[in-house]
Structures are given as C-alpha cells and as structure tokens.
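Reader: Hey, can you walk me through this one? I'd like to start with the basics and then look inside.

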Amino acid sequence: MSTHPHLGQRLLRIAMTVGPGLVVMFADADAGSLITAAQSGAEWGYRLLLLQIVLIPLLYIAQELSIRLALGTGKGYGELIRQRFGSGMAFLSLSTLIISCFGALLTQMSGLAGAGQLLGIPIWQTISVVVLLIFTMMWTGSYRSVEKIAIVFGLFGLAFLLVAWKAHPDMQRVAQQIQELPLHDNRFLYLMAANLGTSIMPWTLIYQQSALLDKGLSLSHLKIARTETAIGATLCQMVQAAILIAAAASFGQHGVVLETVPQIADAFTAVLGHTVGHLVFIIGMTGSAMVATIVVCLTAAWSVGEVIGVRHSLEQHPRDAPWFYVAFAVMLVAGGILVCSGVNLIHLSIATGVINALLLPIVLGFLYNLARTELPPALRLQGSYAVVVALLFVLTAGVGLYAGLAGMLT
C-alpha cells in the first residue's frame, strides 16, 4: 500500500526534472550537425561512422560536468567564469560563445530555409515566420512551456533513425571503411574536426547549466538529470550516425561534395522514395533546427546576463529583464537577415563545426578547471576519474585543434 505514494512521488520528480538534458541533446543534433554528417557520408562513405559512436561517452562526460556545476553551485557558466577568473576572462569567454552561437544560428535558419525550399516556399517567407514564431513563443512563455515545445520539435528529429534502418547498409563495406582513416588527407581532417565541433559545442554545455537553474532544480535531481543526459547523448549521436549512413548508402561511392540542402534530401528519396523521403527529411530537419534555434538564442541571452551580472529568465517580464530579451531579439533578427542574403548553408555549417573544434581547448579547459575548483568536495572532479577526464579532454582538444588547422589548409 505504501509503495504507491512513493512511486507517485518518484514519477512526479522525474517529470519535473526531465527536460534540459533532452532539449540540449536534441539541439546538439542540429542542422549543422546533420549537414556535416551528410557531407561526411557523401564524401567519405562510412569512414567517419565510428567517430559518431565514440563521441557518445565523451559527449556525456562533458555535459555531466555542466550538470554538476549547475546543481552543485547554483550558478551559471558565465557567473562561475567571472567569479573564478575575473570579468576580463568572462568577457573573452562570452565573445567566443557568441561567435559559436551566431554561426550555429545561421545554420539552423538555413536548414529551415532549405526545408521550406523543398515545399516551394521562398527563403524570406520561411525565415520571417520562424523569427516571428520563436520570438512570440519566448516573449509569452515561461521556461517550462518553452521546454515542452522544444522537446516536441526535437522528437521530430528521431525520424532520421528510420532512414538508417531503411538504407540497408552493406555491413561488409561498413566494416572495411571504418578501418580506413585517411589521416594524411586534409579534407578528411577538416570533416573530422567539423564532426567533433558539431558534437561537443560550447553553447550546449552552457545551455544545460543555465536551463537547470532556470528550471529551479537542486542536487536532489542529480541522478535523474544524469540519466536523462546519457539517453539524450546516445540519441543525438545515433541520429547523426543515421544521416551519415543514409548519405553513404546514396552517395558514398562517388565522393560527392554537397552544395545545397535539397541535395541532402536526395539521400532520403533514394532510400525511402520521393514523397516519403522528402517528408521525413522536412520533418526531421525542421524539428532539429527549431529546437537548436531556441537553445542557441537562449544560451546567448542567458550568458550575456550572467557575465554583466543582471537578472535574466523567461519567468520575468521583458521590462524586468531587458538585456535578456534584447540579446535574444538581436541574435534572431541578425541571423534571419544574413540567411536571407544567400549564405551557402553547406559550407557555413561545416566551417562553424570546425570553428567549434578550434575552440575546444578553451571550452574544455574552462569546464575542467571549474569542475576541479568550484564544486563542493562531494561533487568535485577528483581522483582517477579526474585523470581519465583530463586525458580525454586533452586528446579531444588536441585532435580538434590539429584536424581543424590542418584541414583549413585544404
């Protein structure tokens, strides 16, 4: 008899906790990530497939540290950087974040514009509706309501898993190609860096930390938040792997260099047929890009507030938190204008991923230092696990930096 109230309380706690981890992981499988994965499969077949799987534990480790920092300190990333290193370093960190966020925002809007093109909708009309819809949602909603909308959009991205299932990849060819890593080829290194940079991104780490705080969670929610993030990290990388598999099955023997979003949709039509393929692509791309747009804009707005020391939350009216809404609006409108100007989506998306890879030494370095110094003893990163994390972060940052710089020489 007594187990029912206990079960009910546990389910309620899970329902109240779940959200930030899923949202940020759905956002991690954003338009830029999907485009990079598609280009990887089209140009190199299955050779970068194993990287998508290897990144699952690494992605979880990084995001889990942001959970510890949020619930263990009650402060956002920008606040902790300012507290630990001073305002100068905080503004430097903010500058690199804004660059990453703005590049990501451009790829999301371009992805949405590309999906609209498949339906015969002009780019400016798609972007106008997206800007108006998202800003209205943010202006009138609380964090919890926006989070629910973002999760719904994110679930659309799971439609891409169907494509990998239907692609029926040649397993012998998969096994052969994942062992073939042409590390001497600068173009391969460039895409390797882009895949790293579209999986471990500054704004996903910072978003989860701020979102947990805006939702009002505490250390009692730590276990559930970790589990949610582990599930989200797995789904995120499986979606990217699915895109790579579809592109490899369709283009991978020809070394195709993609130029437009509709070209990516061709991989889906080859697997699922014209009508169903386009439908799945539009649903998946729209869902992934919409949730990432929300996350990127929120991350930038939250971070500006944290660094300059002003209150910021979706729970506040715009009159009470003008910096929050001004930063959000500027990012959204500026991104929309640039996308309408005709920026090349494919090239920009991959370049944004490479920039993120080049920023990994700074991002992972700050994250590691904060987890070692700012947390209470029970949560602090220490012992053998700290050594393992240090080695993984150094290896990841080193590979990202080397592959990005070498690839830029292509």
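Author: Here is a short chat about the fold, the core and the cavities. This is a predicted model, where local features need pLDDT of at least 70, side-chain atom pairs count only at pLDDT 80 or more, and totals for chains, interfaces and linings use all residues. Residues are numbered from 1 along each chain as its sequence is written, and side-chain values use heavy atoms, with hydrogens and water left out.

Reader: OK, how many helices and strands are there?

Author: The protein has 18 helices and zero strands, taken as DSSP runs (helices H or I, at least four residues; strands E, at least two) numbered from the N terminus.

Reader: And what share of the residues is buried?

Author: Of the 410 residues, 57% are buried (under 20% relative accessible area, 1.4 Å probe, protein chains only).

Reader: Which residues have the most contacts inside the largest nonpolar core?

Author: They are F160, W203, Y207, I264, F268, F281 and F393, in a core of 133 residues. Helix α15 (residues 274–308) gives the largest share, 18 residues. A nonpolar core here is a set of buried Ala, Val, Leu, Ile, Met, Phe, Trp, Tyr and Cys residues joined through side-chain atoms within 4.5 Å.

Reader: What does F281 touch?

Author: Leaving out residues up to four places away in sequence, F281 touches L118, F160, V261, I264, A265 and F268, with contact meaning heavy atoms within 4.5 Å.

Reader: Switching topic: what is the split of the outside area?

Author: The protein exposes about 16,200 Å², and carbon and sulfur atoms supply 68% of that (Shrake-Rupley method, 1.4 Å probe).

How values were computed
Buried < 20%, exposed > 50% of the residue type's maximum accessible area, 1.4 Å probe, protein only.
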